[in-house]
Amino acid sequence: MTRRPSSSGDVLRLIRERHVSTRAELGRITGLSRPAVTLRVNELIAHGLVAERADGPSTGGRPPARLEFDPSGGAILVANLGRSRGQVAVCDLAGTVLARDDIATGRGPEATLPVLLTTWAGLLEAAGGPAVRGAGIGVPDPVEYATGRWDGVPIGPPIAARFEVPAYLDNDVNIAALGEYQSRFRHEVDDMLFVKLSTGIGAGIITEGRVWRGALGAAGEIGHIPVGDGGGVRCRCGNIDCVEAVAGGAALLARSPAADLAELAGLARAGDPGTVTLVREAGRRIGEVVAGAVNLLNPAVVLLGGDLTGAYEPLIAGVRESVYQRATALATGRLRIEPSLLGDAAGLAGCAGLVLDHVLAPEAVDALLTRGPSSTGRPLPRV
């Protein structure tokens, strides 16, 4: 039997996610008595997580007070780190960016960590020093999700220890998938495949509204699925004719006069015949692999992101051509294949979502409330 929501954390979720706005409605949904609802709401207000405003709709007489989630009740630290640069920010509890900056990341995780800490310290000060409740980091490699390690280097544990808040680490493709899903699709669909097309190729899988990481965090490595008649190209993983080696950004640049992916995308948008042909054929190759994923996962949406989507029209035309030819009619009957609209913003949004899904989960909120009304997180110490 499904448990009815009844704890203070459950009440916060109803207010935050389902926009339940009155104590009476909370009582009807939870089955709690009026005093029990009052106790939980007052507890959430005391911790700065809920605000109450006397401007609800009136049904005659005194209008009821309206309850709202208060995103100013703390802050989260987020960082979307790429291979050469990263975006770093402080957000409120709704994921709204309060302050942000860019950092260089090319020297690896050990060199990046102190720069990240210093940058967060400056941004938090610029944001007015709100209390910190958690941190989320996306990195450009497979990670040990459970231990917070990037390329074997512990990143999450030092952050958690320093700031006395939980810290979460995930692959940047999973992060972007989560950001796109929560920003655009969470109220429409439950299952989505996000495919990042850049120098490399990877995928983030959303199933039943959550990131699916697999047994060891290696789910979504579609760039290393071979495609037919790829010409015997050796991939960086050691295998032959992986779709990344045949149709990834690095492979396309090797066959193009463009100096980088931005220039290649510009040539495609300008209608350069050779580039349009090159990009469309790459889309077909990528579509072969995406078609297999569609048959296996049956997503409602396939979202294409990354630097190559700057060449959107020929690329997506090639992907669609292969997917609709190769995937089953049932799996493609209502399938949407669309470009990302968020770009780099998806990374920061996903980092925020990763943290907030943990620190505002009912059990986490209940644990916070047991520590007393002064437990509102810790300000980021100076570095």
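**Notebook: cavity, pocket, sheets and one ring pair**

I began with the largest cavity, which V143, Y145, D170, N171, N174, R213 and G217 line. The model I am reading is a predicted one. I recorded about 30 Å³ of space for this largest cavity. I then sorted its lining by residue class and obtained 2 nonpolar, 3 polar and 2 charged residues. How many cavities of 30 Å³ or more does the count give? I noted 1.

**Entry on the largest pocket**

I turned next to the largest pocket and noted a volume of about 1200 Å³. Its lining holds 45 residues, and those closest to the centre are P140, D172, K196, S198 and T199. I looked up which elements give two or more residues to this lining: they are the strands β3 (75–81), β4 (85–92), β11 (192–197) and β12 (201–207), together with the helices α6 (172–185), α7 (243–247), α8 (249–253) and α13 (345–359). Which element supplies the largest share of the lining? I found that α6 does, with 5 residues. By class, I entered 15 nonpolar, 19 polar and 11 charged residues for the lining of the largest pocket.

**Entry on the sheet with β3 and β4**

I traced an open sheet of 5 strands in the order β5-β4-β3-β6-β10, and its pairing is mixed. At its edges I found β5 (97–104) and β10 (167–171), each of which pairs on one side only. Neighbouring strands in this sheet are turned by 15° against each other on average, with direction ignored. I followed the pairing of β4 with β5, which is antiparallel and extends over 7 bridges. Which residue of β5 is the bridge partner of V88? I identified D101. I also looked for helix contacts and noted that α5 lies across β3, β6 (132–139) and β10, running at about 160° to β10.

**Entry on the sheet with β11 and β12**

I traced another open sheet of 5 strands, with mixed pairing and the order β13-β12-β11-β14-β15. Its edges are β13 (210–211) and β15 (336–339); each has a single partner strand, so one side of each lacks a neighbour in the sheet. Helix α10 (residues 273–297) packs on this sheet, where I found it touching β11, β12 and β14. The direction of α10 makes about 160° with that of β11. Do β14 and β15 run parallel or antiparallel, and how many bridges join them? I noted that strand β14 (residues 301–305) and β15 run parallel and are joined by 4 bridges. Within β15, R336 stands opposite V301. I then examined helix α11 (residues 312–326), which lies across β11, β14 and β15 and runs at about 160° to β15.

**Entry on aromatic rings**

I searched the whole structure for aromatic pairs and recorded 1. The ring centres of W120 and F163 are 6.5 Å apart and the planes stand at 75°, so I entered the pair as edge-to-face. I placed W120 in helix α4 (residues 109–126) and F163 in helix α5 (residues 156–163), so the pair ties together parts that are 43 residues apart in sequence. Helix α5 had already appeared in my notes as the one lying across β3, β6 and β10.

How values were computed
Residues are numbered from 1 along each chain as its sequence is written. This is a predicted model: local features need pLDDT of at least 70, side-chain atom pairs count only at pLDDT 80 or more; totals for chains, interfaces and linings use all residues. Side-chain values use heavy atoms; hydrogens and water are left out. On a 1 Å grid over the protein atoms alone, a cavity is a set of points where a 1.4 Å probe fits but cannot get out, and a pocket is an open set with protein on both sides within 12 Å along at least five of seven lines; lining residues have an atom within 4 Å of a point. Grid points are joined across faces, edges and corners, and a volume is the space filled by probe spheres set on the points. Ala, Val, Leu, Ile, Met, Phe, Trp, Tyr, Cys and Pro count as nonpolar, Asp, Glu, Lys and Arg as charged, and the others, Gly among them, as polar. Two strands pair if DSSP finds at least two bridges between them. Contact means heavy atoms within 4.5 Å. Axes are lines fitted to C-alpha atoms, for helices over the stretch in contact, and angles run from 0 to 180 degrees between N-to-C directions. Rings of Phe, Tyr and Trp (its six-membered ring) pair if their centres lie within 6.5 Å; planes under 30 degrees apart count as stacked, over 60 as edge-to-face and the rest as tilted.
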